[in-house]
Amino acid sequence: MKEWVGLLARLATGAVWIVAGAVKLPDPAQSVDAVRAYQLLPSSLVQPVGQLLPVIEIVVGATLVLGLLTRGSAIVSALLFAAFIIGIASVWARGISIDCGCFGGGGYDADATSKYPWEIARDAALLAASLFVAWLPSTRLSLDRMMFGRALEPEGL
Amino acid sequence: MSKKNRPVGRTERAAAAVHEMQRQERRRRNLMVGGVVVALLVIVLGGYALSRSLDTSDDVKAPAAGGGDYGLTIGPSDAPHDVVVYEDFLCPYCGELEKASRSDLAKLASEGKVRVEYRPFNLLSSISDYSERSAAVFAVVLDKSGPEVAKKLHDLLYENQPSESGPFPSDDDLIDLAVRAGADEAVVRTGVEAGDGLDWVARATTAAQDAGVRGTPTVLLDGKVFQDGRTMDDLAANLVDRLE
């Protein structure tokens, strides 16, 4: 039963990542602007992070959906969600009103403050789903099972 | 080796064989995992290269300070550096940058160390028509009253910048600011009421977009996009450091 719930968590989280990354990938400049708007990273890191994030989101989403290196992917996913929660909480605390840029967009948004709690709640739910997947020894319908079988107890992956 | 011990030996051998199989299985598994990790890294690096090539944020090709058709220039033409600031009178970060950089840039320009061109345009038309109206009054003042008065109006517009959520100053309020800057009220009012500046703003906005400007403030130092700074205060400080 848990393994089926794990599959659902994998698919839901993975799909969110794929959509979030695919929306951003065609316009890295916007992604870079969105990262810059958080005013968190040193300026030399803003551009690489903004360019890399959509790619990592798509790859993590794909590996979660496929169930490839599930545990590692789920841990990366959880770390990313934790970072996003910190980022949003930080702009909220500093009174900066920006579109989170979660699914494209970014930059100033006058209504942002009312959206922050929902964005944090959404990311927290996805963080919980990621941690659940990471905690499970294995999930249903995964490439991991097909490739690595169940002959051995899973070891960290 | 006695007969009694044989079964024990067989068990041990069997155990050793199983152990060996498990070891090989684990090895095969680790190799596969390693292979998958490498493949994923290659995909990420490829994606990063693609993303870098698609990133247009540095692709701004604009005329140098003093060379634009829709801007206000301070500082001599033989200054060693040129700075262009694309801005929108409504954009809060432009206001922050302005607050943090204005007096230093004015001083450096007067010392001949930099030539600065401010190029206001209408970026935030989706929020309010204030961007357009304020830039239009600025255009009328620049045309009728000259750059010095226009610079004062520019500064006053930022000092009296409305929030992006309003309320927004009316045209009368903007004309008042122009008068405070030193413009002749009748001249400015006639121009504004005839809609003189609006065309200028539309053309300035097209020129900014054609140059590849995506947002405001966009600062160019010697023709290159300057983004060195986490906050607008950092950016202004770093920019001034480069110019001194």
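**Pockets, cavities and an interface**

Author: In this predicted model, helix 4 of chain A gives five residues to the lining of the second largest pocket, which is the largest share of that lining.

Reader: How large is the volume of that second largest pocket, and which residues are the closest to its centre?

Author: The volume of the second largest pocket comes to about 430 Å³. Its lining has 20 residues, and the closest to the centre are Val35(A), Tyr38(A), Val49(A), Leu53(A) and Phe84(A). Besides helix 4 (70-93), helix 2 and helix 3 (43-66) of chain A each contribute two or more residues to this lining.

Reader: What makes residues of that lining nonpolar, polar or charged, and how many fall in each class?

Author: The class follows from the residue type: Val, Tyr, Leu and Phe count as nonpolar, so the five residues closest to the centre, namely Val35(A), Tyr38(A), Val49(A), Leu53(A) and Phe84(A), are nonpolar. Over the lining of the second largest pocket, the division is 13 nonpolar, five polar and two charged residues.

Reader: What volume does the largest pocket have, and which residues lie closest to its centre?

Author: The largest pocket holds about 990 Å³ of space. Its lining counts 38 residues, and those closest to the centre come from both chains: Asp33(A) and Gly107(A), together with Tyr93(B), Gly215(B) and Thr216(B). Elements that give two or more residues to the lining are, in chain A, helix 2 (28-37) and strand 2 (107-108), and, in chain B, helix 2 (92-110), strand 4 (218-221) and helix 8 (232-243). Helix 2 of chain A supplies the largest share, four residues. By class, this lining consists of 17 nonpolar, 14 polar and seven charged residues.

Reader: Why is the space of about 90 Å³ called a cavity?

Author: The word is used for a set of grid points where a 1.4 Å probe fits but cannot get out, and the search of the whole structure finds three such sets of 30 Å³ or more. The largest cavity, at about 90 Å³, is therefore a space from which that probe has no way out. Among the residues that line this cavity are Trp17(A), Lys24(A), Glu57(A), Arg122(A) and Asp123(A). Helix 1 (2-24), helix 4 and helix 5 (112-135) of chain A each give two or more residues to the lining. The lining has eight nonpolar and four charged residues, with no polar ones.

Reader: How do you know that Arg214(B) forms a salt bridge with Asp27(A)?

Author: The rule asks for a side-chain nitrogen of Lys or Arg within 4 Å of a carboxyl oxygen of Asp or Glu. The closest N and O atoms of Arg214(B) and Asp27(A) are 3.5 Å apart, which lies within the 4 Å cut-off, so the pair is called a salt bridge. Across the interface of chain B and chain A, the rule finds two salt bridges.

Reader: How much area do chain B and chain A bury between them, and which three residues of chain B supply more of it than any other three?

Author: The two chains bury about 3000 Å² between them, with 60% of it on carbon and sulfur atoms. On the side of chain B, Arg29(B), Tyr93(B) and Arg230(B) supply 22% of the area that this chain buries against chain A, more than any other three residues. In terms of contacts, 31 residues of chain B meet 36 residues of chain A.

Note on methods
Residues are numbered from 1 along each chain as its sequence is written. Chains are lettered from A and ligands numbered from 1 in the order in which they are written. This is a predicted model: local features need pLDDT of at least 70, side-chain atom pairs count only at pLDDT 80 or more; totals for chains, interfaces and linings use all residues. Side-chain values use heavy atoms; hydrogens and water are left out. On a 1 Å grid over the protein atoms alone, a cavity is a set of points where a 1.4 Å probe fits but cannot get out, and a pocket is an open set with protein on both sides within 12 Å along at least five of seven lines; lining residues have an atom within 4 Å of a point. Grid points are joined across faces, edges and corners, and a volume is the space filled by probe spheres set on the points. Contact means heavy atoms within 4.5 Å. Buried area is the accessible area (1.4 Å probe) that two parts lose on being put together, summed over both.
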